[in-house]
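User: Please take a close look at one strand. Then place that part in the wider picture, in short steps that a first-year student can follow.

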Amino acid sequence: MTTNGSQPRHTITALVQDKPGVLNRVASMFRRRGFNIASLAVGHSEVPDLSRMTFVVEGDDRVVEQVTKHLHKLIDVIKVSDISDENVVSRELALIRVKAKVQTRSEIMQIVDIFRANIVDVATDSLIVEVTGDEDKIDSLHDLLRPFGVVELIRTGSIALNRGMGSARSEDRSARQRRSPPRWGQAASV
Amino acid sequence: MRLTGAQIVCESLLKEGVEVIFGLPGGAILPLYQTLPEYPQLRHILVRHEQGAAHAADGYARVTGRPGVAWATSGPGATNLVTGIATAQMDSIPMVIVTGQVARASIGSDAFQETDTTGITLPITKHNYLVMNAADISRAIKEAFHIASTGRPGPVLVDIPKDVFTEEAEFEYPDKVDLPGYKPNLKGHPAQIRRAVRAIDQSERPVILAGHGVIFSGAYDELRELAEKAQIPVITTLLGISSFPDDHVLCVGMPGMHGMAYASLAIEEADLLIALGMRFDDRITGKASSFAVNAKKIHIDIDPSEIGKNVEVEIPIVGDLKAVLQKLNERVSSATHLDWINRVEELKRDHPSMKIRETEKLLPQYIIRELSQATEGKAIIVTGVGQHQMWAAQHYKFTEPRSLVTSGGSGSMGYEVPGAMGAQVGRPDRVVWSVAGDGGFQMTMAELATMVENKIPVKFAIINNNFLGMVRQWQEFFYDKSYVATHYTGNPDFVKLAEAFGMLGIRVTDKKQVRPAIDKAMENDGPVIVDFVVEEEENVYPMIPAGTTIHNLIEEPAPEKARR
């Protein structure tokens, strides 16, 4: 999850067929074409037999354009949306195991409270904090907990949906593309 | 109808109109082979090496436009196909490959001759399948042919475990495919087509750069109509050669690394580049950021991911070339572009890239010219990769579509032998000449036995310089003639080799023998090898060194480098 300062991040979602090997096809394409994935999350969608993947990709507009096109070229990928420029809700979940002595426990609990995070496990010398939010929020909480001693951190990677009526369902594809302002090369996929 | 998995494969191939299969059996695919006698309509050609099967299926597809079919067994059988599959993928060749796999229960156990075939071929196929039930075979094969032959074509592999071939299932061939994630856009966006028409009408110095897509789409007439109606010079990429007749007055030839200098210069001076079914390969563009800098660019291609991949374009159109060109042609205004046409003629005069130096020595270029004349530009020419390939592309005057069969993107040495075999099987009515390098020829010459066995009368012109010639040329130009590992000092006697295989072999060492040898080869009704022992250190000109621009053009040998 290293952040490359110079490269902007884009959020791309893909609706894919839930078949063996699909994740491998997608990952293989990213590797072969040299695209950088900051995070990848996969799970079932609202449609049986279809999964939705959310990618956070590092690169300029040109790279992201190529990523979406090459994703779409995969036979098992049904719909690809670059939702970076849109009004999106993006969430990630993290579990953080942090050292907590008697003296520091209450201070940690205060920080956790401020972040509306939860403590989901308590041991004699450590806590597990569960936090949900966008990447920045999780980064901030991580920074604040670091001085206490973060023993382990695990993040799910971002998942994202458009706000309001915009949906990433394939049926709505033409409508969505009409709404979004055209960029170079976009006519290609109309 | 209840059939075994193996029978379902054969029935499905028949439904797809398959007439020939190139393959080689082994344990895992044996149940499929043992059903072949039930299907005499399926002609099986037993190759000597699976790479030969893949290249032959590829050559068959290139000349017929129909998917080529190859079979191989698991493990080494499948891995031997890999070069052939990658070659087809790079040049968008429709192919369906069926491989045997170890039985289902053994998958993942490192069983004898087990390899992860779908894993290995994932990045070099358009799509692939591991079929785990006999009931799924017909749908997989239906989809495989559909995917291989529509949109931007490509190879599709179907991997079938041994016990799936013997499992029984109900056979009903699906009449349509259900692939929600695969819907190639064929029509082209009307607004983009209008923009393209306007750009063409407004241009003063337009050029067409025609690629392989023109051939896939069969858009020869449409390309010609556009060129003639608006008087636009036509430049063809290596794989676009034969999409437009070389003897047409508007034909400017091939640009790029070893292209005609005048073609590259015309692109440099053009104010509009109309790129048709091509992908701005680095051998065409050189340094991509300096390519056709003065031109607005229209790019018509069926694959959206090619748009903007290597070169930014102002007017992209995604669609089938034939359909898009028809709409363009309806609207484009007639034009003469007289000044521009004259300028291109002037470039041709000032940069005569096709000049052959005066000598009594046997030059490869001379052989290709003689071959072109002897066959009246009507042969199918198959090449491998290297100097011989470039000379064939430069000096043969192609007059019919689908006539240059060559490994372009992948640059696979050895393609010239089995590729020619597949081309001849696909077009028994045409003369097929394999213009081969002595290096590539030796990589796959085992297939000569297949050709003798099956009476496949390919004529081989080995351009024998006892060198890996193109690599040697780079060593001469860029490594101060340090010929490391490029000189063959113990090549076989190709005439005796031909005799050992049971075919005619002819050796040519002199200019005067060239035409008689060609004629003699064509009079023979079997495969023939003509071993042309040529000047060893002849170079391909012009040359634009890799990653540079037209300003670094090497047009002809510098005087001090002129040989002996």
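Analyst: Two strands pair if DSSP finds at least two bridges between them. Strands are DSSP runs of E with at least two residues, helices are runs of H or I with at least four, and both are numbered from the N terminus. This is a predicted model, in which local features need pLDDT of at least 70, side-chain atom pairs count only at pLDDT 80 or more, and totals for chains, interfaces and linings use all residues. Residues are numbered from 1 along each chain as its sequence is written, while chains are lettered from A and ligands numbered from 1 in the order in which they are written.

Start with strand β2 of chain B. β2(B) spans residues 20-24. Four of its five residues are buried, so the strand is largely enclosed by the rest of the structure. Buried means 20 or more other C-beta atoms within 10 Å of the residue's own; exposed means 12 or fewer, partly exposed lies in between, and the C-beta atoms are placed from the backbone.

Now look at the partners of β2(B). Strand β3 of chain B, residues 43-46, pairs with β2(B) in the parallel sense. Four bridges hold that pairing. In one of them, B:Phe22 has B:Ile45 of β3(B) as its bridge partner. Strand β4 of chain B, residues 68-72, also runs parallel to β2(B), joined by three bridges. There, B:Leu24 is matched with B:Ala72.

Next, step back to the domains of chain B. Their bounds come from an automatic or database domain assignment. Domain 1 covers 2-170, domain 2 covers 190-350 and domain 3 covers 364-540. The C-alpha centres of domains 2 and 3 of chain B lie 30 Å apart. Their contact takes 13 residues from domain 2 of chain B and 15 from domain 3 of chain B. Two residues are in contact if their C-beta atoms, placed from the backbone, lie within 7 Å. On the side of domain 2 of chain B that touches domain 3, seven residues are nonpolar, three are polar and three are charged. Here Ala, Val, Leu, Ile, Met, Phe, Trp, Tyr, Cys and Pro are nonpolar, Asp, Glu, Lys and Arg are charged, and the others, Gly among them, are polar.

Helix α11 of chain B makes a good stop. This helix covers residues 220-229 and holds B:Asp221. B:Tyr220 sits in α11(B) too. B:Tyr220 is partly exposed, because 19 other C-beta atoms lie within 10 Å. B:Asp221 counts as exposed, because its C-beta neighbours inside 10 Å number 12. Leaving out residues up to four places away in sequence, B:Tyr220 touches B:Val214, B:Ser243 and B:Pro401. B:Asp221 and B:Leu325 are 104 residues apart in sequence, yet their C-alpha atoms are 9.6 Å apart in space. From B:Tyr220 to B:Arg2, 218 residues away along the chain, the C-alpha separation is 45 Å.

Another mostly covered element is helix α17 of chain B, residues 387-395. Eight of its nine residues are buried. Among them are B:His388, B:Met390 and B:Trp391. The buried residues of α17(B) pack against several elements of chain B, including α16 (364-374), β17 (432-437) and α21 (469-478).

Chain A comes next. It has five helices and nine strands. Of its 190 residues, 29% count as buried. One open sheet of chain A has four strands in the order β2-β3-β1-β4, with antiparallel pairing. Its edge strands are β2 (36-44) and β4 (77-82) of chain A, each paired on one side only. Neighbouring strands of this sheet are turned by 20° against each other on average, direction ignored. Helix α2 of chain A, residues 61-73, packs on the sheet and touches β1 (9-17), β3 and β4 of chain A. The direction of α2(A) makes about 165° with that of β4(A). Axes are lines fitted to C-alpha atoms, for helices over the stretch in contact, and angles between N-to-C directions run from 0 to 180 degrees. In the same chain, β2(A) and β3(A) (residues 50-58) pair antiparallel over eight bridges. One of the matches is A:Leu40 with A:Phe55 of β3(A).

Finally, put the chains together. 18 residues of chain B are in contact with 21 residues of chain A. The chain B side of this contact has 10 nonpolar, seven polar and one charged residues. As for confidence, the model scores ipTM 0.89 and pTM 0.93. Chain B has a mean pLDDT of 96, and 99% of its residues reach 70 or more; pLDDT is the predictor's confidence in each residue, from 0 to 100.
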